[in-house]
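Biologist: I'm new to reading structures, and I'd like a close look at one small part before I get lost in the rest. Could you start there and then show me around?

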Amino acid sequence: MLGLASLSLLSLAGLSLAQDLGVPLNWRKFSNDRSDAEIIKISEAAIDAILPKLKKDTGEFDGIGYWQSGNVWASMANEDYRAGTTKYKDQVVGQLKNVWGLRDNYDQWGWWATAAVYAWRAYNDKDLLNNAIKTWEHINTYAISDDDAKAGKISTKDFTFKGTCNDKSMAGGVFWKTEKGSDGINSITTGLYMTLSAYLGEATGDDKYIKAAEKSLAWIRNINMKDNLALDSITAKDCKHGADWLFTYNTGKLLEGLEILVDLTDKDDYRKLAANVANAAMKTNAWHRDDGVIKEGAYPKENNDAVGFKSVLVRALDEAYNRRKGDNEALRILIHSYVCVQFNALLDLAAKGDTYSSSWTGPAQDFTTWGQMAALDVFVAAINAA
């Protein structure tokens, strides 16, 4: 809690105007008076409500997809990490190892591997870190190297592609489909690889991971970013952008990896960029109502991949809040306020007991696995940042 909730409206705005990190005063309920213990109780109750949907043989949850299930385990590991507990250790570690045995490398994109890194951080289980490293090695074969960019060709694809787009190298971009003829590169796959690389660099001290993360950051920054927000995708053969989509999770993974790189490299350029990205992500009208509540991914009647996008952004902001302590207090105040907005919206507008709608703007509804999954990261973030 750190006393941030007690700051007045004037001080919240005044501390950050110089960097344009002020808290918009039209945001809905951007403070919190609940104790840490109460927030932890709310967070645990939300997790406990989704656990009956676990399919123990596969490690997935009934009602949501594979990547979304990986994010449930990520939330559970981070819940224990932020709360300083081990309540979910046996389930998280056991199921992450179970799924590793069922699927080669967990997945192509890194959702489960990142969950394994969170679990390694929370529980110090070296096997999970090794699993994440093996996944990284697999994904790395779809990441464009400097030599690949110069040649316009990569061994895992059967076509040539543009080595530069907008006069910037394609090195660091990651193909998001394994089919040899598929030439799409997107920000979420590249951002996941960037974030996983950064975490592995932090965990192992191996410079190859840090360099990989920096290359992927450069790809997003130079080729697939506008107004401090990550765009969605391009085609490598002709450098054409897809629809001008803006999704929370693209910018979320960019921010998370970038924040780790700030700590690993101490580059002021990265530090400034991270603050700008976070500020833009919290203030864009692309996925917010005027009162600051996220409106993206509201699917009360059926699951959709976009349901879980916003939780990825909130998780990244939580990481930024934790890492910028004593570094950028104006940004931390803004993140604190933003997390409070989403936290209070869930409790006030979307809650039915301990379960939550995928529409954070309401109305409340009966339990859905996807709505519950999307809410978990907000409550975990509230332990740290609200």
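Biologist: Which strands form the open sheet, in what order do they come, and is their pairing parallel or antiparallel?

Modeller: Sure, but keep in mind that this is a predicted model. The open sheet is made of three strands, in the order β5-β8-β9, and they pair in an antiparallel way. Look at the edges: β5 (184-186) and β9 (240-241) each have a single partner strand, so one side of each is left without a neighbour in the sheet. Now zoom in on strand β8, residues 233-235, which is joined to β9 by two bridges, the two strands running antiparallel. If you want a spot to click on, try T235, which sits opposite K240 in β9.

From the sheet, let's move on to the empty spaces. Roll a probe the size of a water molecule over the atoms, and you see where space is left. The largest pocket has a volume of about 470 Å³. It has 22 residues in its lining, and those nearest its centre are W176, I188, Y249, D305 and F309. Helices α3 (66-83), α5 (111-123) and α8 (187-204) are the elements that give two or more residues to this lining. Of these, α8 provides the largest share, three residues. By class, the lining of the largest pocket has 14 nonpolar residues, four polar ones and four charged ones.

The second largest pocket comes in at about 170 Å³. Its lining has 13 residues, with N140, S145, Y193, A212 and K215 closest to the centre. Here the elements giving two or more residues are α6 (126-140), α7 (146-151) and α9, and α9 gives the most, with four residues. This lining splits into five nonpolar, three polar and five charged residues.

Helix α9 also takes us to the salt bridges. Side chains of opposite charge can pair when their charged atoms come close. A search of the whole structure turns up 30 salt bridges; here are three to look at. In one of them, R221 pairs with D269, and their closest N and O atoms are 2.8 Å apart. This pair links distant parts of the chain, since R221 belongs to helix α9 (residues 207-223) and D269 to helix α11 (residues 268-283), 48 residues apart. R221 is partly exposed, because its relative accessibility is 31%, and D269 is partly exposed too, at 41%.

Next, find E256 and K253, whose side chains meet in a salt bridge at 2.7 Å, N to O. Both lie in helix α10 (residues 248-265), three residues apart, or about one turn of the helix. How exposed are they? E256 has a relative accessible area of 1%, so it counts as buried. K253 is buried as well, because its relative accessibility is 0%.

One more pair to try: E319 and R323 form a salt bridge, with the closest N and O atoms 2.9 Å apart. They are four residues apart in helix α12 (residues 309-323), so about one helical turn separates them. Both E319 and R323 are buried. Put that next to the R221 and D269 pair, and you have a nice exercise: E319 and R323 are buried, while R221 is partly exposed, as is D269.

Technical notes
Residues are numbered from 1 along each chain as its sequence is written. This is a predicted model: local features need pLDDT of at least 70, side-chain atom pairs count only at pLDDT 80 or more; totals for chains, interfaces and linings use all residues. Side-chain values use heavy atoms; hydrogens and water are left out. A salt bridge is a side-chain nitrogen of Lys or Arg within 4 Å of a carboxyl oxygen of Asp or Glu. Buried means under 20% relative accessible area, exposed over 50%, partly exposed in between (1.4 Å probe, protein chains only). On a 1 Å grid over the protein atoms alone, a cavity is a set of points where a 1.4 Å probe fits but cannot get out, and a pocket is an open set with protein on both sides within 12 Å along at least five of seven lines; lining residues have an atom within 4 Å of a point. Grid points are joined across faces, edges and corners, and a volume is the space filled by probe spheres set on the points. Ala, Val, Leu, Ile, Met, Phe, Trp, Tyr, Cys and Pro count as nonpolar, Asp, Glu, Lys and Arg as charged, and the others, Gly among them, as polar. Two strands pair if DSSP finds at least two bridges between them.
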